[in-house]
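Reader: I have a structure open on my screen and would love a friendly walk through it. Could you take my questions one at a time?

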Amino acid sequence: MKYPELNPDGVSVKGCSIIYAPAGQAGEYSALATNPYRGCGHKCAYCYVPIVLHMPREEFDTGAIPRKDFLKRLEKDARKYQALNITEQVMLSFTTDPYHPGDHTLTRQVLQMLRAFGLSICTLTKGGHRALRDLDLFRPGRDAFASTLTSLDETFSKKWERDATPPDDRIKTLRAFHDAGIFTWVSLEPVLDVEATLEIIRRTNQFVDLYKIGRVNYVGLTKTTNWKQFTNDVLEVLAETGARHYIKRDLQPYLPAGYHNPMRVDQFRAEAFPILRD
Ligand code: SF4
């Protein structure tokens, strides 16, 4: 059936720009997203967002500021999604971090509003423990919590993700969401150190429901890493651990023919809500 109110992507509503369907590599992560802030204070050296937004890096790194009239504009979009009975997860965020080091009160308000209009929520963050404030808003049968991990080593992380929380803090937070019955996933992108990435899977798969695995772009490592070898190695570790995963398009040329690699899976833990299986 065709829905004339939807864009050709089949999920975003025409005329909406605050809740939107991300394109390209971001689209592999989530069908819908929203970005409440401009800028981010985590100061990741590999961050591509200033390039995408044509924003000076110094300004972007100064910290996140709420986008003008954000809640008002979000409500307008959310109403349109509700009118079409769309309950898809909306992910925060691609061009900022919902749990950046500054005042992120707005994040809670955004999550509350998305819920109020019948949408599901997902956050992707390097803000670790800061996300625990909103744990009560995540529903086991519907929502998801995600974190990016590039290493288990704090010194290494500090070098690349200067003002993000340490890996250990992010891992503890993932575990806390998992223990609360929330679907958890980890973005293994960028891959800055092959061995570190493999070790993350080995060490976290007991409380991570899904890994989304990419490579690295925009930094020199793109040229020096053997991505075919990396793909082989990562598939081996995934097979050993039984970890669920999605291999992003950048690495798909190295997958064995016919490899089962679904881009979208239900991001809720059905076992937490047995009624969903009926
Ligand atoms: S947390 Fe994300 S948005 Fe913020 S600086 Fe790092 S890569 Fe960029």
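Reader: Happy to start with confidence: what is the mean pLDDT of the protein chain?

Author: Good place to begin, as this is a predicted model. In the chain, 94% of the residues reach a pLDDT of 70 or more. Over residues 272–278, though, the pLDDT is below 50, and beyond near neighbours in sequence this stretch has eight contacts in the model. For the protein chain, the mean pLDDT is 93.

Reader: Thanks! In the open sheet of seven strands, which are the edge strands?

Author: Let's follow the sheet across: the order is β1-β4-β5-β6-β7-β8-β9, with parallel pairing. An edge strand pairs on one side only. That description fits β1 (32–33) and β9 (245–247).

Reader: Inside that sheet, which residue of β6 is the bridge partner of Cys-122?

Author: Two strands matter here, β5 (residues 120–125) and β6 (residues 144–148). They pair in the parallel sense over four bridges. On the β6 side, the bridge partner of Cys-122 is Ala-144.

Reader: Now the interior: which strand gives the largest share of the largest nonpolar core?

Author: This core has 52 residues, and those with the most contacts inside it are Val-90, Met-91, Leu-114 and Tyr-211. Tyr-211, leaving aside its neighbours within four places in sequence, is in contact with Trp-185, Val-186, Leu-188, Ile-201, Ala-243 and His-245. The largest share of the core is four residues, and they come from strand β7 (residues 183–188).

Reader: And the ligand: how many charged residues are in the shell around it?

Author: You can pick out the surrounding residues on your screen: Cys-40, His-42, Lys-43, Cys-44, Cys-47, Val-49, Thr-96, Asp-97, Lys-126 and Ala-164. By class, five are nonpolar and two are polar. The charged residues in the shell number three.

Reader: Lys-43 caught my eye there; is it buried or exposed, or something in between?

Author: Lys-43 sits in the loop between β2 (37–38) and α2 (49–52). Its phi is positive, about 55°, although it is not a glycine. For burial, 20 or more C-beta neighbours would be needed, and 12 or fewer would make a residue exposed. Lys-43 has 17 inside 10 Å, so it counts as partly exposed.

Reader: What about His-54, buried or exposed?

Author: His-54 has its place in the loop between α2 and α3 (57–62). Its phi is also worth a look, being positive and near 50° in a residue other than glycine. Because 6 other C-beta atoms lie within 10 Å, His-54 is exposed.

Reader: I like to check peptide bonds too. Which residue does a cis peptide bond join to Glu-189?

Author: Most peptide bonds are trans. One cis bond joins Leu-92 and Ser-93, with omega about 0°, and Ser-93 lies in the loop between β4 (89–92) and α5 (105–116). Another has omega of about 5°, and its second residue lies in the loop between β7 and α8. The residue joined to Glu-189 is Pro-190.

Reader: One last distance, please: what separates the C-alpha atoms of Arg-203 and Pro-256?

Author: Arg-203 is part of helix α8 (residues 194–204). With 14 C-beta neighbours inside 10 Å, Arg-203 counts as partly exposed. Along the chain, Arg-203 and Pro-256 are 53 residues apart. Their C-alpha atoms are separated by 25 Å.

How values were computed: Residues are numbered from 1 along each chain as its sequence is written. This is a predicted model: local features need pLDDT of at least 70, side-chain atom pairs count only at pLDDT 80 or more; totals for chains, interfaces and linings use all residues. A nonpolar core is a set of buried Ala, Val, Leu, Ile, Met, Phe, Trp, Tyr and Cys residues joined through C-beta atoms within 7 Å. Two residues are in contact if their C-beta atoms, placed from the backbone, lie within 7 Å. A residue is near a molecule or strand if its C-beta atom, placed from the backbone, lies within 6 Å of it. Ala, Val, Leu, Ile, Met, Phe, Trp, Tyr, Cys and Pro count as nonpolar, Asp, Glu, Lys and Arg as charged, and the others, Gly among them, as polar. pLDDT is the predictor's confidence in each residue, from 0 to 100. Two strands pair if DSSP finds at least two bridges between them.
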